[in-house]
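Welcome, and please open your viewer. We will go from one selection to the next, with a short stop at each.

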Amino acid sequence: MDFQPTERQAYWRDRVRDFIEAHVRPNMNVFHAQEAEGERWKVIQIIEDKKKLAKDAGIWNLFMPPRNDSHHHVDDTFEFEGPGLTNLEYALCAEEMGRIGWASEVFNCSAPDTGNMEVFHRYGTREQKEQWLNPIMNGEIRSAFLMTEPFTASSDATNIETRIERDGDEYVINGRKWWSSGLGDPRCKISIVMGKTDFSAGRHAQQSMLLMPNDAPGVNILRHLPVFGYDDAPHGHMEVEMKDVRVPVTNMLLGEGRGFEIAQGRLGPGRIHHCMRTIGTAEEALAKMCKRLQEREAFGKPIYKHSVWEERVARARIDIDMTRLLCLKAADMMDKVGNKSAKQEIAMIKVQAPNMALKIIDDAIQAHGGGGVSDDYGLASAYAHQRTLRLADGPDEVHARSIARMEFGKHIPEAGPTANALRGGSTANDGGGFSSGDMGATR
């Protein structure tokens, strides 16, 4: 087992890292000034400027799957591709992007666009790709993913109540979604909506995914939802009502009743992306903590020489490195044996990564004292964002249930009701569940 990055892995990771250090980190003050100035829901110019540089440098759409991973239009899919990095190669890049909140967008690698572009790439028709995927890949527009609902536990997608009903050459959408990340952005032009087309079908054949232009009549944004007081502008998380919204039947993705299948394909890679960015966030928090501890004194000696802080810093390094190895293992398995075969590893990393990061960020906040809970060091915001990941893309409990059931399945008793239940197989939802908060798509 070789733990050294290959030449190609190191090449892409280092290009991303070097670009961030040269063009993103030095402009943190510019970003914060532009973010705070004037209207909250706007395009931030420094991001647009750096996006042009990244695009010209070819560090763009790095997450897009390799050509032979496309499900449709294999003969023309090269028109809708990025550099073709594997999950493992991209994971190393995502960690670097996770160090600074707005870095992902600079490379056109921010959610929910990443997951949505992959949906278009894997499941869209050529017409859908030309109309929507091309402008998203070019950074001209942005997109949203509407699944979570306020009146039902959306971590189980079979509970979704939004109705998608066919009427001649159109589908009519009625329902309400919330934590619809990205709808605050003025460039957000298209949403992928998950709803039910057949309430009488099997539990996992009722759901469909449909493309909905956000300016369609009947689409009403009801309110913005802050996360621990942070509005996440200009991206935002919205509650949106769809009242008799009509879209052409050609806006259906893959086919009626295929929504559950699409969602599982979308969420697997997305979870790895979140987790690797989370590791980058944890590395930044640890670096800030170490620097702060060496700058201050308390009770007659530098704070870092107090044993409690030595223990906390050591634990942080151990936990980051263990989490990274688990995440890279999951990404490697996804590349070699497929997402389904790696579902236990994906579920494990989705539980481990945000909990690990939260502990380290909390310690870093403690090390900074009053400054830690202010916005001066970015730790309070990082904590709020990471806390959402224990809910987004499936809450901890759903992933833990999946892990436990797979573990029990390795040790099935010879007979009895437990054996019968375990042999009955897991549901499609056990692969990691669904997002109980699409807010996680912004990370």
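Is Cys188 buried or exposed, and at what relative accessibility? Select Cys188 to begin: at 8% relative accessibility, this cysteine counts as buried. Keep in mind throughout the tour that you are looking at a predicted model.

**The cysteines**

Keep Cys188 selected and look for its closest cysteine sulfur, which is in Cys109. The two sulfurs are 18 Å apart, too far for a bond. Now click on Cys109, which at 0% relative accessibility counts as buried. The closest cysteine sulfur to that of Cys109 is in Cys93, at 8.1 Å. A disulfide is counted when two cysteine sulfur atoms lie within 2.5 Å, so 8.1 Å between Cys109 and Cys93 is too far for a bond. With that cut-off, the count of disulfides is zero.

**The whole chain**

Zoom out and switch to a cartoon. The secondary structure comes to 13 helices and nine strands. The radius of gyration is 22 Å, close to the 22 Å of the globule rule for 443 residues, so the chain is as compact as a globular protein of that length. Align the view to the principal axes and the C-alpha trace spans about 80 × 65 × 45 Å.

Next, colour by accessibility. Buried residues account for 55% of the 443 in the chain. If you draw a surface, the accessible area comes to about 19000 Å², with 51% of it belonging to carbon and sulfur atoms. Colour the charges too: there are 55 positive and 64 negative ones, and their mean positions are 3 Å apart. For a contact map, take the contacts between residues at least 6 apart in sequence; 76% of these join residues at least 24 apart.

**Helix α6 and the way into it**

Select Ala111 and Pro112. The peptide bond between them is cis, with omega near 0°. Pro112 sits in the loop between α5 (103-106) and α6.

Now extend the selection to residues 113-123, which form α6. How many of the residues of α6 are buried? The count is 11 of 11, so this helix is mostly covered. Among the buried residues are Asp113, Asn116, Glu118, His121 and Arg122, along with Met117, Val119 and Phe120. To see what does the covering, show α7 (126-137), β1 (142-146), β4 (188-196), β5 (207-213) and α8 (259-295), which are included in the cover.

Within α6, pick Glu118. Its relative accessible area is 6%, so Glu118 is buried. Leaving aside neighbours within four places in sequence, Glu118 is in contact with Pro65 and Pro269.

**Helix α11**

Move on to residues 379-388, helix α11, where eight of the 10 residues are buried. The buried ones include Leu379, Ala380, His385 and Gln386. Show α8 once more and add α10 (343-368): the buried residues of α11 pack against both of these helices.

**Strand β7 and Val245**

Select residues 237-248, strand β7, and find Val245 in it. Val245 has a relative accessible area of 0% and is buried. Which residues does Val245 touch, not counting those up to four places away in sequence? They are Tyr171, Val172, Ile173, Met212, Ala216, Pro217, Gly218 and Val219. For a sense of distance, draw a line from the C-alpha of Val245 to that of Leu325; the two residues are 80 apart along the chain and the atoms are separated by 46 Å.

**Backbone details to check**

Step back to Ala233 and Pro234, where you will find another peptide bond that is cis, with omega near 5°. Pro234 is in the loop between β6 (219-224) and β7.

Then pick Leu254, in the loop between β7 and α8. Leu254 has a positive phi, near 70°, in a residue other than glycine. With a relative accessible area of 25%, Leu254 is partly exposed.

For the last stop, select Asn61, in the loop between α3 (45-56) and α4 (87-97). Asn61 has a positive phi as well, about 50°, although it is not a glycine. Its relative accessible area is 3%, so Asn61 is buried.

Methods:
Residues numbered from 1 in each chain as written. Predicted model: local features only at pLDDT ≥ 70, side-chain atom pairs only at ≥ 80, totals over all residues. Heavy atoms only, no water. Buried < 20%, exposed > 50% of the residue type's maximum accessible area, 1.4 Å probe, protein only. Helix = DSSP H or I, 4+ residues; strand = E, 2+ residues; numbered from the N terminus. Contact = heavy atoms within 4.5 Å. Rg over C-alpha atoms; globule rule 2.2 N^0.38 Å. Areas by Shrake-Rupley, 256 points an atom, 1.4 Å probe, with all protein chains shown as cover. Lys, Arg positive; Asp, Glu negative; His and termini not counted. Charge placed at Lys NZ, Arg CZ, Asp CG, Glu CD.
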